[in-house]
Each structure stands twice: as structure tokens, then as C-alpha cells.
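Work through the exercises below with the sequence and the coordinates open. Each task is followed by a solution in steps.

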Amino acid sequence: MAEVLDETGQAGELPGLLRAAADATADEIAALTGFLDAAGRSRDVDVFIEGVLASVSTTSRLISVVAALWLAGQTAAADKVLQAVATHRTGEETVAVADALRDAGRQEVAFRLYLAAIDTTARRPADTIAQLTAAMRQTGHAPDSERLIDAAATAAAGRDLIDLLSLIETFNTAGQPESSRRALAAAATTLAVGEVLELAAKLRTADQPEEACQLCLAAAEHRSLPDVIQIFQGLQEAGRPVDANRVLDSVTQDRTGAEIAAVAATLREQSHDREADRLTEQLMHRPPTEIPHILSRLGPQDRTQLLDAITIQPPDRLAATIVQLYEAQHHAIATGLLERIVRNLPAEEILAFWNQLTYTSASDLLGIATEQATIDVLRKLLDGLSVDTNGVSSAMTMLLNEDPLKELPALLRAFRRAGMDDDASHLAERFLTIHADDLTEAVVDLTRSGDHNEVDVLIEAAVDHSPVTVLVAIIVALDNITDADRVDRLLAIVPARRSEDDVLHLTQLLHADNMRDYADELQRARRNHKRGRKHKHWWN
């Protein structure tokens, strides 16, 4: 007929005829759909199916049409009918069709319709829900089963806790403990804290204490910190301290260190000291980057406890924590931690992280050590110095005051090893100022011990700052230990670094001490200097 209408120019009449044919029997509908499909008239198939859907008024009629289409091999047309049901029919109608299809052995198609009307499906009796979720899981549709469990639990929680408890008990009775646990977890995200605690109490009364605890754990997982504390307190008041502690332990798994610290501080304020200690102990193992934020949230007692624990951590972690505190501008806390370190740790352990610190933190540590540490600790710190650090001047002054001849060589070696030549020169100048009487002895000791670089630093400082008479004493001392080469180098730089009067005075003193060769050498250096050959530095 379609071809005839096309041939006679009456193709526009076909849609009306197809709609009129929608009242045919299910088998006739299937046959006509097959004919149109075979003729390649897919648009006419769509028009016909729309007419069929408009004319179907009962679920039984709808199922008959779908079954006939399947039998005729018109699967695409059957799917269009079912899609239209899911899209345009009420939830109750869709679920009724799904039930009929499931009774007819078409479970997979039924499952699609149940999920399409999931709000309606989720409100069905608990035993029906349990049957559906079990069937879905058994036929390889576990994700669909989980989606239905979540929806059913949420719907029950929105109605009444009794309904939710009935659903959970039904799952357990049906041998679906995993469905029961999932339902509890889903409900936990929607229930108010008071309802969570009430439901937990009902579960315990029903001899399900583990389910009650799991409910509280699920509720605490994504709640605000005040809610977590309220759940903890509710469990404590219900005489469930172990469950309460499990809730606190769960907080540490997915929360930041600062959040955990805030909970600990609140617990401390509420006199839950044991529980606050539990959380604070766990905070000791958080990454160094979190420590500044943690300390800012803790109360005084827990902050002290945490800082004491940090003090005895491995050197690399300790140094990283101190650096983070400085970067976060927590200078008071950082220096407090440094004071603990200087006060409580032996020098060897301080040295283990000393050179991992930044310039500022290392300088502050040295300053604290200068004020509070023993001479032995301070000596070992400076001896282990490998980077330029502020605060060296005060530290070396203290050591020089303690035992100048003993400390000078070690300090000079440490500074030169660290590339701190200016500090080495400053140290030599400080020695000359405070301990001038020991200069000659220091030069001899350094020379004899083979500390050539160190003695050179000291001699250069003497050339720049000491009286001429002191230079004569140094020359005599060096000559006595047959270090003429060092004397020659000393004399070579004097004209460039002292006045003409000083050069003349030194020459006269050398003559007076019967050291004419050195006096002549000094005059040659003076003449060379005037000619432009200047020896300004020891190494020229």
C-alpha cells in the first residue's frame, strides 16, 4: 500500500493510515512493522510505533506488543517501545512493565526499566528490594544492584528510621550482609548526626553492634569536624568508648593534619585528654609540610608535646620541619624548637642536621647555641661548619675568650673549609684585638702544626692591624723556627699595606735586632712597591 500511495501522489495519507492501524492485534502490529522495516521505511516505522504507544492503555497490551515484536525479530522496534515507556510513562507504569517483563523471563530488560524509574523502584517494600538487588547481582549487574541499594536506603532514611532499619534487617535475613552494609553507608551520608546515633542505638538493641559502629564510621567519613566530635561524644555517652575511638582513628585517614589538630584541640578543651593524646601522637608522623599548620591549631599542651616529639626525629626530617616553620613565618615556634634542640640533644645529633638548615635557621641555631650551649657543643658546631652562616662573630668571640690558643686553629680551619674567608680574616683581627699578647705563640704553634693557610691569615691580619713592634716579634719567632720564606712574604706586602713611617720604623727595629738581611729585604720590597710592583696580597 505504501508503494501505491507513493505512485499515486498520496504519500501524505500514509501516517494517518499507520496510526489507524495501531489498534490492530499485537501479531498484526509486529507483521506490519516487519514489512515497513524490510521496505527500508524506517521513518514510517517510527510513526507507526508512536501510534501504537498512543493507543496502548494497559500494561498487558503493552507487554503483548513488545513480545510480538521480539518474536518477529523486530528488536529495534521493541527497544523503541520500551524506551518510550521509560521516558513518557509514570514511574508506577514503568515499574509495572518491568515486573511483567521480569515474570516473562526478560530480566535484563526489566532491570533497565527499574533503574529508569529508580525513585519509584526504591520505594517498594524491603523484601522486593532485596529480591531485585540479589537478582541483579546474580546476573552480573552488580553496579545496578549497588545503585538500587543506595537509592532504597536514601529513600527509607528520608521516611523513617524504622523503615531504614527494616530494610537493613531484610538484607541480613536474605543473606545479603554486603547489601546491609552498603545501605548503612548510603544512609549515613543523608541522616542528621542525631539520627545516626539513634539508628546506631537501635542496631545495637537488635544485636548488631558492628553494623552500628560501621554506620558511625561511614557518617564521620565525610562530615564536618564538629559533626565528627558530636558522633564521638554520642558514642562515649552511650557507653561505647571503643567505637568512639574507632571514629577518631578514622578521622586521621583522609583528613589534613590541621583538621586532626583541630579535633585534638577540641577534645582537650572538653577534658577528653586520653583521646586528645591519641590524635596528637598520630600527628607526629605527618609530613613536615603540614607541621606549621598543625602547630597553629593545637593548644599549648599538645603543641609542647608535639615539639618534644619532633626534637627526637631523624636529622633529615627534623631539618625539613624547621625549614617549613621558617617558610610559614612561624619564627617563634621555630626558634622554640631550636632552643629545645640545643638544650636536649648532644652536639653530634645537632651536627647531623646542622648543615641541612637554611641560612636563617642555621644562623638562629648558632645564636641560640652561643647563648645557651656548652663550650664543647659550640666548638663542635663551628668545627663542623660547611656553609656560610650568620652569628659566627659572637660564637667565635665566646670560644676565643674561653681558650684562645686552643680554639684559634680549629676555628680558622672551619671557616676556610666553609669558604668563609672574610670570617677567617675577621677572626684573626678579633684575636689580635683581644689576645695580642698571644699572637707570637699562636703563629709559632700554627706553623709547627702545619696549618699553613691558617697562619697566613693570622700574619696578614697582623700586617694590617698590629703595631710595628708586634711585626718584629713575629719575624723573630719565624726566624727562630727557620721559616725564612714566610718572613720574606711578610716583608713583601708591608710596603703596600703600611705607611712610609711604619716601613722606616720596622727597618730600624730589624737593624737594631741584628736582622740586617731582613731589613735589606724590606727596603727592596719598598723600592719595588714604588716602581709599581705591588704586593698587596700574601699570594702575589
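Of the 540 residues in the protein, 47% are buried, where buried means under 20% relative accessible area, exposed over 50% and partly exposed in between (1.4 Å probe, protein chains only). The model is predicted, so local features need pLDDT of at least 70 and side-chain atom pairs count only at pLDDT 80 or more, while totals for chains, interfaces and linings use all residues. Residues are numbered from 1 along each chain as its sequence is written, and side-chain values use heavy atoms, with hydrogens and water left out.

**Exercise 1. Overall make-up**

Task: State how many helices and strands the protein has, and what share of its contacts with a separation of 6 or more joins residues 24 or more positions apart.

Solution.
- Step 1. The protein has 35 helices and zero strands. Helices (H or I, at least four residues) and strands (E, at least two) are DSSP runs numbered from the N terminus.
- Step 2. A contact requires heavy atoms within 4.5 Å. Among contacts with a separation of 6 or more, residues 24 or more positions apart account for 65%.

**Exercise 2. Two cysteines**

Task: Find how many disulfides there are, and explain why Cys213 has no such bond.

Solution.
- Step 1. A disulfide is a pair of cysteine sulfur atoms within 2.5 Å. By this rule there are zero disulfides.
- Step 2. For Cys213, the closest cysteine sulfur is that of Cys216, and the two do not bond because 6.6 Å is too far. The search from Cys216 leads back to Cys213, again at 6.6 Å.
- Step 3. Cys213 is buried at 1% relative accessibility, and Cys216 is buried at 1% as well.

**Exercise 3. H12, H13 and the loop between them**

Task: Describe how H12 and H13 pack, and place Gln176.

Solution.
- Step 1. H12 covers residues 161–173 and H13 covers residues 177–188; their axes are 7 Å apart, at an angle of about 160°. Axes are lines fitted to C-alpha atoms, for helices over the stretch in contact, and angles run from 0 to 180 degrees between N-to-C directions.
- Step 2. H12 is therefore roughly antiparallel to H13. The classes are roughly parallel under 35 degrees, roughly antiparallel over 145, roughly perpendicular from 65 to 115, and oblique for the rest.
- Step 3. The crossing of H12 and H13 is left-handed, that is, the near helix is turned anticlockwise from the far one by less than a right angle.
- Step 4. H12 contributes Leu164, Ile168, Phe171 and Asn172 to the contact, and H13 contributes Pro177, Ser179, Ser180, Ala183, Leu184 and Ala187. By class, the contact of H12 with H13 has seven nonpolar, three polar and no charged residues. Ala, Val, Leu, Ile, Met, Phe, Trp, Tyr, Cys and Pro count as nonpolar, Asp, Glu, Lys and Arg as charged, and the others, Gly among them, as polar.
- Step 5. Gln176 sits in the loop between H12 and H13 and is buried, at 4% relative accessibility. Apart from neighbours within four places in sequence, Gln176 contacts Ala130, Thr133, Ala134, Arg137 and Phe171.

**Exercise 4. H16 and H17**

Task: Apply the same analysis to H16 and H17.

Solution.
- Step 1. The axes of H16 (residues 225–237) and H17 (residues 241–254) are 7 Å apart, and the helices pack at about 165°. H16 is thus roughly antiparallel to H17.
- Step 2. Their crossing is left-handed.
- Step 3. Val228, Ile231, Phe232, Leu235 and Gln236 of H16 meet residues of H17 including Pro241, Asp243 and Val251. The contact of H16 with H17 divides into nine nonpolar, two polar and one charged residues.

**Exercise 5. Asp302 and Asp277**

Task: Which is Asp302, buried or exposed, and what does Asp277 touch?

Solution.
- Step 1. Asp302 belongs to H21 (residues 300–311) and is buried, at 1% relative accessibility.
- Step 2. Beyond four places in sequence, Asp302 contacts Ala264, Arg268, Asp277 and Thr280.
- Step 3. Asp277 is in H19 (residues 273–283) and is partly exposed, at 30%. Residues up to four places away aside, Asp277 touches Arg268, Asp302 and Gln305.

**Exercise 6. Tyr114**

Task: Locate Tyr114 and list its contacts.

Solution.
- Step 1. Tyr114 is in H8 (residues 107–116) and is buried, with a relative accessible area of 1%.
- Step 2. Outside four places in sequence, Tyr114 contacts Val95, Ala98, Asp99, Arg102, Thr121, Arg124, Leu132 and Met136.
- Step 3. Tyr114 and Leu132 are 18 residues apart in sequence, with their C-alpha atoms 9.2 Å apart.
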